[in-house]
Amino acid sequence: MTAKGTQASLIDGKGFAAGLVQRVAAAAERLQQAHGVQPGLAVVIVGDDPASRIYVRNKGERTREAGMRSDTHTLPDTTTQAELLSLIAALNADAAIHGILVQLPLPAHINATAVLDAIDPDKDVDGFHVVNAGRLAVGLPGLVPCTPLGCSLLLKAELGDLSGLHAVVLGRSNIVGKPMAQLLLAENCTVTIAHSRTADLPSLCRSADILVAAVGRPEMVRGDWIKPGATVIDVGINRVPSRDPLKAAAGGTRVVGDVAFDEAVAVAGRITPVPGGVGPMTIACLLANTYAAACRSIGVAPEPFDGA
Ligand SMILES: Nc1nc(=O)c2c([nH]1)NC[C@@H]1CN(c3ccc(C(=O)N[C@@H](CCC(=O)O)C(=O)O)cc3)C=[N+]21
């Protein structure tokens, strides 16, 4: 419990992610030494959304820093679905590529589900393919979506055994909410998935030992939604106008989560900041998934990363 006047401890996602990237790099190096295989990631981006471009560039840099190969395929937003599908077919067939990531969102004229389901499930490092969703649901080994995987690693590192804890997952997306709930269930949590139609969200959230907010609504979770001492994982990355009205008038923005941090930090036991929390873990887990896919492509068991 956090007594009045004390502050939650910050969960250092950025620091944890840096350590994870180092461990993945070392494991990838051992894979290369033992088997002559360098993990390779192909990132496909369609169109020129500036935020997506920055994010894709960061992924490429992190991947190369970890000693892995990174190819970026930048396609114009006039690309047809058939053209995109034929690139994916070529990447599926390329033995040097172990992971394929198609940056979302895709332009409206392309059916994203059809594209994601064209990726070889064993190269689907985002874990978005229906086969990987099914593997996760029934507890088979597979590729797990990076953001919930990162949240799960943070929670286990912070809390140890999660058995019997009540976890409330706010948000039911296929990318975060649903796989997050599956991972928490696999850790023996009692899991509630809440969403925009859930009755009395504040009191439900107040019953959570672990609260994962993944709704994409800036600062929706208020301080009085949080049980004193609870662990709060904020998945949101929302751009809102700068606090400084002059900067805001000039189009300046800042990044906030789905949790009203200043209120929450006075109530929670532990909390992830935004930025510097879940976001960096997402990229680190993408590298971990690429390494794991490379191992499995040659029938080698990947080294686990959830111990240390
Ligand atoms: N196929 C696909 N897979 C993805 O995983 C995927 C995607 N498409 N489309 C876009 C979203 C967004 N996303 C982020 C990951 C890390 C940070 C990150 O590291 N953020 C830093 C900096 C935040 C900032 O200052 O802007 C942080 O939170 O500290 C941000 C955003 C992955 N996505």
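## Exercises on two sheets, two domains and a ligand shell

In this predicted model, an open sheet of six strands runs in the order β1-β11-β8-β7-β5-β6, and its pairing is parallel.

**Exercise 1.** Find which strands stand at the edges of the six-stranded sheet, and work out which helix packs on this sheet.

Solution. Begin with the two ends of the strand order, where β1 (9-10) and β6 (190-194) are the edge strands, each of them pairing on one side only. Next, look inside the sheet at β5 (residues 166-170) and β7 (residues 210-213), which run parallel and are joined by four bridges; within this pair, Val169 has Val212 in β7 as its bridge partner. Finally, turn to the helix that packs on the sheet, which is α6 (residues 146-159), touching β7, β8 (231-234) and β11 (270-271), with a direction that makes about 155 degrees with that of β8.

**Exercise 2.** Describe the three-stranded sheet, and explain why one side of β3 and of β4 is left without a neighbour in the sheet.

Solution. First write down the order, β3-β2-β4, which belongs to an open sheet with parallel pairing. Because β3 (69-75) and β4 stand at the edges and each has a single partner strand, one side of each is left without a neighbour in the sheet. On average, and with direction ignored, neighbouring strands here are turned by 15 degrees against each other. Then examine β2 (residues 40-46), which runs parallel to β3 and is joined to β3 by seven bridges; Leu41 stands opposite Ser70 in β3. The last step is to add helix α3 (residues 81-93), which packs on the sheet, touches β2, β3 and β4, and has a direction at about 180 degrees to that of β2.

**Exercise 3.** Determine how many residues surround the ligand, and which domains they are drawn from.

Solution. Start with the count: 16 residues surround the ligand, and the closest are Leu104, Val255, Pro275, Gly279 and Thr282. The elements giving two or more residues to this shell are β4 (99-102) and α11 (278-297), and α11 gives the most, with four residues. Sorted by character, the shell contains 11 nonpolar residues, four polar ones and one charged. To place the shell in the chain, recall that the domain assignment gives domain 1 (37-124) and domain 2 (145-279), whose centres, taken over C-alpha atoms, are separated by 28 Å. The shell draws at least three residues from each of these two domains.

Conventions: Residues numbered from 1 in each chain as written. Predicted model: local features only at pLDDT ≥ 70, side-chain atom pairs only at ≥ 80, totals over all residues. Near = placed C-beta within 6 Å. Nonpolar A, V, L, I, M, F, W, Y, C, P; charged D, E, K, R; others polar. Domains from an automatic or database assignment. Pairing = 2+ DSSP bridges. Axes fitted to C-alpha atoms, helices over the stretch in contact; angles between N-to-C directions. Contact = placed C-beta atoms within 7 Å.
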